[in-house]
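Here are a few exercises to work through with the model open in your viewer. Try each task before reading its solution.

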Amino acid sequence: MTDPNATPNLSETLNGLSRLLLSHTDEDADRYRDMPYGDFLQSEYWATIRDHLISQIGKCQLCARRESLQVHHNSYENHGREHAHLEDLLVLCDRCHSCFSGLRRLHNNIPPGYRNASFDNFTLPRDNPIAHRELASVLMTAKAYAREFPNSERPGLMLFGEVGTGKTHLAVAVLRTLTLRGMPAIFMDHQDTVDQILAESRNGSTVTLDICRNTELLLLDSLGLHRATDAAADAILSIIKYRCNNGKPLIATTNLADPEAGSQLVDRTNPLGRPDYKVTVADRIGPEARSRLFEMCKIVRMPLVEDYRLRRFV
C-alpha cells in the first residue's frame, strides 16, 4: 500500500495510471462502486489515482498549500471509473477539506435562488425589442467568455449594472459552465467574505482569505455594495491584487458606477439644483483595486431593463 504522506513520483504514477486505463473493466468499476467507501479508499486503485494527482498538481487547489495533501471527490457521478474522469477530483490540504465539503454540499456556495442559473434559462424581455437586443448581446459576450476560457490576457469578467439587470444570473451561469468542465470554483458574496476574513483574522486564521486568493475561479458578487472600512478594503485589495498578479480568473458583479464602464456619474438633480453623484467602484474598494480589476477583466455593462428578478417569473 502506498504511503499517503510520501511524495509520489510523477513518472511512476503515470505508469500506474496507464496500466489502469488499459486493464480496468466494467466489472471492476461495478465492484469499486458497490464496495463500502472506506474500503474503496484503501484500495490499490484509489491509491494509484490519488498518488498521480498529488504528484501532477502538487498543491491544494483552494489555498495552494503543499502540505498534508489528499484527493477528494467533487462529483461521484463516475465513481468506480475515476481514472477516466480525473476532472471529478480535487487535490486539497487537510485544512481546506472541511471547508470545501461544506461548500460542495451548498453547490459551490451558490445561493439557492441561483443554483440552476444557466445561459439557457436567462430570460430576455419579449415586449421591448431594444432591451431584448442589448441583453442578447450581453448574453453572447458571457457565453463567449466561458467558451474561450481561459484567456491569459484578460482572465476575468466584470459585470456592471443596476439592481435587477441579471448580473448575478449570468455570472453564475459562467461559473456553472466552467465547473462542469472540472474547474474548481467558489461563489462568494463580497460583504459576507469580508466579514468572514476579518473575523478569522482576529483568531489568527487566514483560511477564507487563502481560498479567495488561490481557488482556481472566484466569483465575487455585489462588489463594494456596502461602505468598506480600511481593513475590509485592504482584504479585497489583497484578493484582487494577488489574483491579478498570478493570472487567476475572477468574475465580479457590482451595482456601482464607473465612467470607463459606461456609467453616468450624475444620478439626479436635487431640489437645490445641485448634481447628485453616484458612488463609484473606486470610492468603495479604492483606486488600486479598481485599477487591477480593469487590468485583468473583460468589462461588461448591463443595459437598463425592467427588474430581472420579476421578469424571469413572468
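**Exercise 1. Find how many cavities of 30 Å³ or more the whole structure holds, then list what lines the second largest.**

Solution. Keep in mind that this is a predicted model.
- Step one: searching the whole structure turns up two cavities of 30 Å³ or more.
- Step two: take the second largest cavity, which has about 30 Å³ of space.
- Step three: pick out its lining, made up of I57, K59, C60, Q61, A64, N214, E216 and K248.

**Exercise 2. Work out which parts of the chain the salt bridge between D26 and R81 links.**

Solution.
- Start with the contact: the D26 and R81 side chains form a salt bridge, with N to O at 3.5 Å.
- Now place the partners: D26 sits in helix α2 (residues 26-34), while R81 is in the loop between β1 (69-73) and β2 (89-93). They are 55 residues apart, so this pair links distant parts of the chain.
- Finally, check exposure: buried means under 20% relative accessible area and exposed means over 50%, so R81, at 29%, is partly exposed.

**Exercise 3. Do the same for R301 and E162: where does each residue of the pair lie?**

Solution.
- The closest N and O atoms of the R301–E162 salt bridge are 3.7 Å apart.
- R301 belongs to strand β9 (residues 297-301) and E162 to the loop between β3 (156-160) and α7 (167-179), so the pair ties together parts 139 residues apart in sequence.
- R301 has a relative accessible area of 27%, so it is partly exposed. E162 is partly exposed too, with a relative accessible area of 27%.

**Exercise 4. Decide whether R290 and D258 are buried or exposed, and find where they lie.**

Solution.
- In this salt bridge, the closest N and O atoms of R290 and D258 are 2.8 Å apart.
- R290 lies in helix α12 (residues 287-296), and D258 in the loop between β6 (250-254) and β7 (266-269), so parts 32 residues apart in sequence are tied together.
- Both R290 and D258 are buried.
- To put the pair in context, the count for the structure comes to 13 salt bridges, and R65, E67 and D94 are linked in a salt-bridge network.

**Exercise 5. Identify the residues that form a nonpolar surface patch with Y37.**

Solution.
- Y37 is in helix α3 (residues 37-41).
- With 33% relative accessibility, Y37 counts as partly exposed.
- Its patch partners are L41 and Y76, and together the three have about 250 Å² of accessible area.

Conventions:
Residues are numbered from 1 along each chain as its sequence is written. This is a predicted model: local features need pLDDT of at least 70, side-chain atom pairs count only at pLDDT 80 or more; totals for chains, interfaces and linings use all residues. Side-chain values use heavy atoms; hydrogens and water are left out. Patches are made of residues with over 30% relative accessible area and no salt bridge: like charges are joined within 9 Å, nonpolar side chains (Val, Leu, Ile, Met, Phe, Trp, Tyr) within 5 Å. Accessible areas come from the Shrake-Rupley method with a 1.4 Å probe; for residues, only the protein chains shown count as cover. A salt bridge is a side-chain nitrogen of Lys or Arg within 4 Å of a carboxyl oxygen of Asp or Glu. Helices (H or I, at least four residues) and strands (E, at least two) are DSSP runs, numbered from the N terminus. Buried means under 20% relative accessible area, exposed over 50%, partly exposed in between (1.4 Å probe, protein chains only). On a 1 Å grid over the protein atoms alone, a cavity is a set of points where a 1.4 Å probe fits but cannot get out, and a pocket is an open set with protein on both sides within 12 Å along at least five of seven lines; lining residues have an atom within 4 Å of a point. Grid points are joined across faces, edges and corners, and a volume is the space filled by probe spheres set on the points.
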